[in-house]
Amino acid sequence: MTWAPVDTKATNMPGMPAMAEAYARWVNSRGGLDGHPLKVVTCNDHNDSVAAAHCAQRAVEAKAVAVVGSYSQFGRSFISPLERNGIPYLGGYGVSDEEFASPLSYPVNGGQAALLAGNGRQLASVCERVSLVRPDTIQGDQMPALLSAGLADGSRAAAKDVRAPEDGTDYADAARRALDGVGAAGTGAAGGTKGAGGCVTATLGERTDTFFDSFRRLQPDGSKVRIASVLGSVGQALVDRTGGRAGPLEGAYLTGWYPVASDPRWNPMRKVINDHAFGDNRIDPADPGVQTTWIAYTVLRAVVERLGKEGVQDITAHTVQQALDRGAQAVDTGGLTPKLRWRSEDMLAVQDFPRTVNALVTYQAVRDGQLVAAKEGFVNVAGTLEKPRADG
């Protein structure tokens with residue numbers, strides 16, 4: 001089973017179920033997972049708690065061996081049905097607390113916590129003051145403390161917290177508050193600095209472009225405020241859509257989980273998309289949701305092949321869970337993540353997120369209209385996440 005929100009007023013992730021279906025077509029053309037045909041069932045969680053619970057129930061009814069590479073912020077709704085029926089949640093997007101707390105969850109990245117902490121560390125080197133524009137939701141409430149933890153690692157003050165509606169159509173008020181928070185509102189003595197040394201980072205999912213449109217219109221002439229975000233809220237498609245090198249995102253600082261989309265380590269995924277999903281415009285190879293789904297199914301394939309080597313032919317949710325817990329062999333994802341396994345000794349000591357096993361992020365930037373690596377290799381934010389944090 002792979003689920004994600006589609007056709008909603010907030011964040012949509014249609015590429016995740018589409019990537020899952022393409023992966024199934026590819027692997028079945030090669031004889032399946034260790035000889036087992038792969039059947040993918042998809043579900044729309046609608047960014048709704050009731051729909052998320054319905055998707056989990058569908059996974060139970062379909063006797064899914066795992067929920068793989070999925071997105072839902074309603075962990076409380078979906079995790080209980082999965083736990084009751086012993087169905088692993090493998091490689092979720094990382095937007096709900098339950099993904100990093102449930103013993104049946106196996107995250108492949110550090111979730112929003114790693115992105116925010118990493119973004120704080122990335123900005124600490126260039127920003128004296130930071131405003132964070134984030135959704136006014138339960139999940140959004142955690143973001144300021146995480147970003148500020150990263151800023152604190154660079155001896156910077158906590159970010160100014162700017163709440164905004166998750167599904168807003170105009171963000172002029174949030175943009176004014178964000179600019180004011182870094183001294184660039186255009187009025188008063190502080191405005192005379194044009195916000196030099198100030199940065200505004202926005203993590204509003206699909207509404208991030210709407211925010212930056214409002215921000216661009218309200219920015220004072222000659223503003224020196226820099227902008228930032230995390231992958232998933234801003235990506236290459238958005239940079240292209242907003243004018244590329246001449247657009248408002250030129251020069252933006254971005255934090256992601258994985259190597260930049262042009263990295264050759266993504267070539268196997270791109271080949272599968274070209275061969276088995278050509279023309280499917282739901283699938284953007286640069287989308288971190290698509291990338292997470294590819295990695296999650298890579299893990300599932302390795303687990304099933306490992307079970308085959310151990311002589312296990314009955315692939316069930318229970319046997320998959322046992323294999324993941326045992327972690328007899330770390331899963332190699334082709335350098336897209338560190339080698340992954342979820343034994344107790346692999347868990348990091350991260351407050352509120354005890355199932356975290358991968359705290360690596362990448363620093364990226366928009367240069368000449370293209371997302372490029374701002375720093376070679378991965379940055380490990382485990383130390384930042386493991387420190388005690390203020391409630392924010």
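**Exercise 1. Find how many cavities of 30 Å³ or more the whole structure holds, and describe the largest.**

Step 1. Searching the whole structure turns up two cavities of 30 Å³ or more. Here a cavity is a set of points, on a 1 Å grid over the protein atoms alone, where a 1.4 Å probe fits but cannot get out; lining residues have an atom within 4 Å of a point. Grid points are joined across faces, edges and corners, and a volume is the space filled by probe spheres set on the points.

A word on the model: it is predicted, so local features need pLDDT of at least 70 and side-chain atom pairs count only at pLDDT 80 or more, while totals for chains, interfaces and linings use all residues. Residues are numbered from 1 along each chain as its sequence is written, and side-chain values use heavy atoms, leaving out hydrogens and water.

Step 2. For the largest cavity, the volume comes to about 360 Å³. It is lined by 29 residues, and Tyr71, Val95, Gln112, Gln139 and Met143 are the closest to its centre.

Step 3. Helix H4 (111–124) and helix H5 (143–153) are the elements that give two or more residues to this lining. Helices are DSSP runs (H or I, at least four residues), numbered from the N terminus. H4 supplies the largest share, three residues.

Step 4. Sort the lining by class: 13 residues are nonpolar, 14 polar and two charged. In this scheme Ala, Val, Leu, Ile, Met, Phe, Trp, Tyr, Cys and Pro count as nonpolar, Asp, Glu, Lys and Arg as charged, and the others, Gly among them, as polar.

**Exercise 2. Work out where the second largest cavity lies with respect to domain 1 and domain 2.**

Step 1. The second largest cavity holds about 90 Å³ of space. Its lining includes Leu231, Trp257, Tyr258, Pro288 and Gln364.

Step 2. By class, that lining has nine nonpolar, three polar and no charged residues.

Step 3. Domain 1 (2–109 + 263–358) and domain 2 (112–256 + 362–386) both contribute to the lining, so the second largest cavity lies between them. The domain bounds come from an automatic or database domain assignment.

**Exercise 3. Describe how domain 1 and domain 2 meet.**

Step 1. Start with the C-alpha centres of the two domains, which lie 29 Å apart.

Step 2. Next, contacts (heavy atoms within 4.5 Å): 22 residues of domain 1 touch 18 residues of domain 2.

Step 3. Together the domains bury about 1,700 Å², 50% of it on carbon and sulfur atoms. Buried area is the accessible area (1.4 Å probe) that two parts lose on being put together, summed over both. Lys9, Gln73 and Phe353 provide 23% of the area that domain 1 buries against domain 2, more than any other three residues.

Conventions: 1 Å grid on protein atoms, 1.4 Å probe; cavity = no way out; pocket = protein on both sides within 12 Å on 5 of 7 lines; lining within 4 Å.
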